[in-house]
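This report describes a molecular structure in plain terms for a reader new to the subject. Please keep the sequence and the model in view while reading.

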Amino acid sequence: MTSGTDKPLTKNIRPDGSVVDIRAYEQAGGYQAVRKVLHGGMTPSAVTDAVKDANLRGRGGAGFPTGQKWSFVPLGKDAPTPTYLICNADEMEPGTFKDRLLMERDPHQLIEGMIIAGFAIEADVAYIFLRGEYVLAAERLSRAIAEAYDAHYLGKNILGSDYSLELYLHLSGGRYMCGEETGLLNALEGKRANPRSKPPFPPVVGLFGKPTVVNNVETLCCVPHIINHGAAWFHALGRTQDAGTKLFGASGKVKRPGLWELPMGTTIREILEEHAGGMRDGVTFRGLLPGGASTDFVTEEHLDTPMDFTAMAKIGSRMGTGTMIVLDDQTCPVGMTWNLMHFFAQESCGWCTPCWSGLGWVERILKSMEEGKGQQGDLDKLASQANMWGPGATFCALAPGAAEPLQSALKYFRDDFERHICEKRCPWR
Amino acid sequence: MLSADEISEIEAEAVHYPRRDAVCIDAMRIVQRHRGWVSDESLHDIAAHLGMSVTDLDSVATFYNLIFRKPVGRHVIMICDSVSCWIMGYDRMREHLGTRLGVGLGETTPDSRFTLLPIVCLGCCDRAPAMMVDDDLHGDLDVQKIDRALESYL
């Protein structure tokens, strides 16, 4: 185990908002992990094993083990070619604002992670799939990619090695569906971002039918540090078995909304009370969505749960993206659920019936409740819809994701839903 | 007709993909950057340039919310209507914009100065409520801040 900072992902980030350019990145020890891999005689499988040993799990929200995903890609002379690596930078999960920071402020960290991940899966071509609204990130990534090509970290025979990688930036045309792994592949092929049937899974049949790994920005940013400092160091960063650090955030009516790199397994209470400063004066905590719109609400009784993939699943929710959205007593839980269902209904691609049909129906029911036109039986309809959305009933996770806040809102805020129906009005209006 | 600049920008992106039609979204974004939107004529020209059918290209164009198939004003306001901004006062910000500009969501002012559109979460949740005007992100909005911001877009 070698020493390293306890905040590897954000250690270079400057308070003034400026970008770390290639010189500053190198001076801070950047691109040493690429040298270690390419000049230190590491094989692709050795890199994958290092990431597996570190127990790096996908930071996009699903938490799939990264090294395992890489190991599904066929390697060697007989493997299909080209192989693709894609960075999913389509940060669009409502309430999520973590990848923006990493790309705008320290873009070379992401590029270095992509070179190493690319080497591990023997990728020939890599894309950063960036949402179109992230204009500053696009400018800074473009410049950083050009700097990396000039310094021979990208292109043919990187740093004189046998490994070559082309890296391109793609700006999305919009839509939440582009963040879904196979929807993203279709979007990058110039098609509508409908999801694909799985299997086959992208590591075997992905972009243009070739082996493809799709990893989130924050996931890829962890990779250089794992190579530099080792799996044991990465484990030691976390407080629970889910290793490493995590960018946690809070938004809503807290005193200090923001983003913090903290040990994996930091409790919800510590993030909410110490880092976000607790609730604003005059409002009371009622609940929160722990990691984006498609995670189940948790309430006061859950605040001492460690934020990691394992512990959050045990309390019937998910860590998701780790950026929590806080509900206070001055905000209507039915209105908030309506806002969430409006989002999911709007962003449904229209491919699967439970999604396009059910989400629209649920949105209309919630709207009518907010307008004082709720009826007896509405809550049963809402619950039965949430049940029908899967998982397993649709091609992708959009509708199952929408079910999470809906079913948990019905569970924890049932009295508020019933008041809307009985009083024929929204008590918060 | 696509301009020489548009064609050269499209071709610079097209080499990033093994199939020519894969660049179609980039191509529409490029044309939109030059002309503000993607007209039927532009759609035909792009489809012809990439060897695609117009119908296929339009099915792609209409899927993506950042590709405009109707004319927009000189400046496009995209106000975030997702959950964190909603909690922090989206409704009031939208009402203020609507009153000040005299338009609803999806509409353009009669002087063609502004188009007002809703947008999903802009990843600015710690500075909610938020909006984008053209390429600029504006966070921590209140009505005064919106008024001041709009004055700089002529």
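A residue counts as buried when its relative accessible area is under 20%, as exposed when that area is over 50%, and as partly exposed in between, using a 1.4 Å probe and the protein chains only. The structure is a predicted model, in which local features need pLDDT of at least 70 and side-chain atom pairs count only at pLDDT 80 or more, while totals for chains, interfaces and linings use all residues. Residues are numbered from 1 along each chain as its sequence is written, chains are lettered from A and ligands numbered from 1 in the order in which they are written, and side-chain values use heavy atoms, with hydrogens and water left out.

## Chain A as a whole

Chain A contains 17 helices and 8 strands. These elements are DSSP runs numbered from the N terminus: a helix is a run of H or I with at least four residues, and a strand is a run of E with at least two. With a radius of gyration of 22 Å, close to the 22 Å that the globule rule gives for 429 residues, chain A is as compact as a globular protein of that length. The radius is taken over C-alpha atoms, and the rule is 2.2 Å times the number of residues to the power 0.38. Along the principal axes, the C-alpha atoms of chain A fill a box of roughly 75 × 45 × 35 Å.

Of the 429 residues in chain A, 63% are buried. Among the contacts in chain A with a separation of 6 or more, 71% are between residues 24 or more positions apart; a contact means heavy atoms within 4.5 Å. The exposed area of chain A is about 15200 Å², of which carbon and sulfur atoms supply 51%. Accessible areas come from the Shrake-Rupley method with a 1.4 Å probe, and for residues only the protein chains shown count as cover.

## Charges and salt bridges

Chain A carries 44 positive and 50 negative side chains, and the centres of the two sets lie 3 Å apart. Lys and Arg count as positive and Asp and Glu as negative, whereas His and the chain ends are not counted. The place of a charge is taken as NZ of Lys, CZ of Arg, CG of Asp or CD of Glu.

How many salt bridges does a search of the whole structure find? The search finds 34 over all chains. A salt bridge is a side-chain nitrogen of Lys or Arg within 4 Å of a carboxyl oxygen of Asp or Glu. The table lists examples.

| Salt bridge | N to O distance |
|---|---|
| A:Glu273 and A:Arg269 | 3.2 Å |
| A:Glu371 and A:Lys373 | 3.5 Å |
| A:Arg425 and A:Glu423 | 3.0 Å |

A:Glu273 and A:Arg269 both belong to helix α11 (residues 268–275) of chain A, where they are 4 residues apart, about one turn of the helix. A:Glu273 is partly exposed at 39% relative accessible area, and A:Arg269 is partly exposed at 24%. A:Glu371 is partly exposed at 38%, whereas its partner A:Lys373 is exposed at 53%. A:Arg425 is partly exposed at 38%, and A:Glu423 is partly exposed at 31%. Elsewhere, salt bridges that share partners join A:Lys98, A:Asp99, A:Glu218 and A:Lys246 into one network.

## A buried leucine

Is A:Leu56 buried or exposed? A:Leu56 is buried, with a relative accessible area of 1%. This residue lies in the loop between α3 (44–53) and α4 (66–71) of chain A. Not counting residues up to four places away in sequence, A:Leu56 touches several residues, including A:Phe64, A:Cys222, A:Ile226 and A:Phe234. A:Leu56 and A:Asp242 are 186 residues apart in sequence, yet their C-alpha atoms are 7.7 Å apart in space.

## Backbone features

Most residues other than glycine have a negative phi, and most peptide bonds are trans. The bond between A:Lys198 and A:Pro199 is cis, with omega about -5°, and A:Pro199 sits in the loop between α8 (181–188) and β4 (212–216) of chain A. In chain B, the peptide bond from B:Ala128 to B:Pro129 is cis, with omega near -5°. B:Pro129 is placed in the loop between β3 (114–119) and β4 (131–133) of chain B.

A:Tyr31 has a positive phi, near 65°. A:Tyr31 lies in the loop between α1 (22–27) and α2 (32–39) of chain A and is buried at 0% relative accessibility. A:Phe208 has a positive phi near 50°; A:Phe208 is in the loop between α8 and β4 of chain A and is buried, with a relative accessible area of 15%.
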